[in-house]
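User: I am in my first year and would like a close look at a single part of this protein. Could you take one helix and go through its surroundings slowly?

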Amino acid sequence: MRRIAFLWVGLAAACIALGAAAAFETRATKLQAIKTVGIVSAIGEEMSLTQAGLTALGNTGQSVSINAWGLDELIVQQATKLLSGRFRVQPVNYRRAAFGAIRDSAVAPVNLLRSDPFKELVRSDVTPQGLDAYIVITRARSKLGNGRNVEGVGLAEYRTLLADYGLIHALYEVRVIDGKTYDVIEKRAAAPLDNTGTVRIAGPSGSVDESFESSASSERLRAAIADLIIRSLPLTLGDMHLIDSP
């Protein structure tokens with residue numbers, strides 16, 4: 001009986017490995033066939049202001065408009081420059097607010113069960129249609145330390161009994177959506193640029209001091225957020241095998 005059990009376990013492991021290899025081969029084959037792409041970006045119209053940690057219980061998050069910063073235009077510009085070495089990048093029109101309005105459910109299993117909401121939005125809201133693929137860049141979510149969820153672009157203050165820590169973040173994820181079938185070929189969240197900060201977050205972030213203003217009009221703050229995007233985007237696209245890894 002024990003030998004039979006080991007055989008079943010071995011067979012299951014082999015099936016899983018073969019399935020993973022087949023999925024990788026399918027993604028690689030689909031990526032290789034892509035010639036023309038359009039880029040959609042919808043992460044940068046508002047910035048969250050978050051307080052977290054021991055002394056922030058009961059505080060509600062706030063947000064301010066940063067539409068004037070032009071972060072989505074910056075992302076499209078940077079992504080176009082990076083991807084043009086391999087693909088023919090064509091300008092596309094889309095309703096940024098429609099893409100920015102989509103949020104993950106607070107109940108994690110719901111996100112696994114429902115169809116990816118961006119697939120239908122690419123089909124209905126992006127023009128021109130008929131490109132080989134669409135690169136869709138939208139907000140991602142992470143926990144700030146062990147506390148609140150934060151997403152997209154934000155400035156956070158994390159308080160402990162001993163000290164306060166300031167943190168900026170630009171959390172985003174990239175999807176490659178097939179322009180014919182609208183299947184998601186690949187999806188990946190931007191990884192942290194480093195993990196040396198006192199408060200860690202699963203995405204591009206950096207420490208700031210009290211000299212950074214919380215106002216959305218701060219040029220220094222805008223430049224710091226833009227720097228996170230510019231440094232992380234080539235790493236993310238490289239991890240997805242869309243460009244050569246830097």
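Analyst: What follows is a walk along helix α5 and the parts around it, made on a predicted model.

Helix α5 covers residues 117–125, and within this helix Phe118, Leu121, Val122 and Asp125 are buried. Seen down the axis of α5, these buried residues fall within an arc of 100 degrees, so they line one face of the helix. As for what that face meets, the buried residues of α5 pack against α3, which spans residues 96–100, against β5, which spans residues 133–139, and against β10.

It helps to begin at the start of the helix. There, a side-chain oxygen of aspartate 116 reaches to within 2.9 Å of the backbone nitrogen of phenylalanine 118.

Phenylalanine 118 also takes part in a group of rings, since Tyr94, Phe99 and Phe118 form one aromatic cluster. The count of aromatic pairs in the model comes to two. In one of them, tyrosine 94 and phenylalanine 99 meet edge-to-face, with 5.8 Å from centre to centre and 85 degrees between the planes. Phenylalanine 99 and phenylalanine 118, by contrast, form a stacked pair, with 6.1 Å from centre to centre and 15 degrees between the planes. Because phenylalanine 99 lies in helix α3 and phenylalanine 118 in helix α5, this stacked pair ties together parts that are 19 residues apart in sequence.

How much of this cluster is hidden can be taken ring by ring. Tyrosine 94 has a relative accessibility of 18% and therefore counts as buried, as the cut-off for that word is under 20%. Phenylalanine 99, at 1% relative accessibility, counts as buried too, and phenylalanine 118 is likewise buried.

Among the partners of the buried face of α5 is strand β10, so it is worth following that strand a little further. Strand β10, residues 172–178, pairs in the antiparallel sense with strand β11, residues 184–189, over five bridges. Within this pairing, valine 176 stands opposite glutamate 186 in β11. The two strands form a hairpin with five residues between them, and in the turn tyrosine 182 has a positive phi of about 65 degrees.

To gather the picture together, the buried residues of α5 line one face of the helix, and that set packs against α3, β5 and β10. Phenylalanine 118, one of these buried residues, stacks with phenylalanine 99 and belongs to the cluster that also holds Tyr94.

Methods. Residues numbered from 1 in each chain as written. Predicted model: local features only at pLDDT ≥ 70, side-chain atom pairs only at ≥ 80, totals over all residues. Heavy atoms only, no water. Pairing = 2+ DSSP bridges. Helix = DSSP H or I, 4+ residues; strand = E, 2+ residues; numbered from the N terminus. Buried < 20%, exposed > 50% of the residue type's maximum accessible area, 1.4 Å probe, protein only. Arc of directions from axis to C-beta. Contact = heavy atoms within 4.5 Å. Polar contact = N/O pair within 3.5 Å; in protein donor to acceptor, adjacent residues only side chain to side chain. Phe/Tyr/Trp six-rings, centres within 6.5 Å; stacked < 30°, edge-to-face > 60°.
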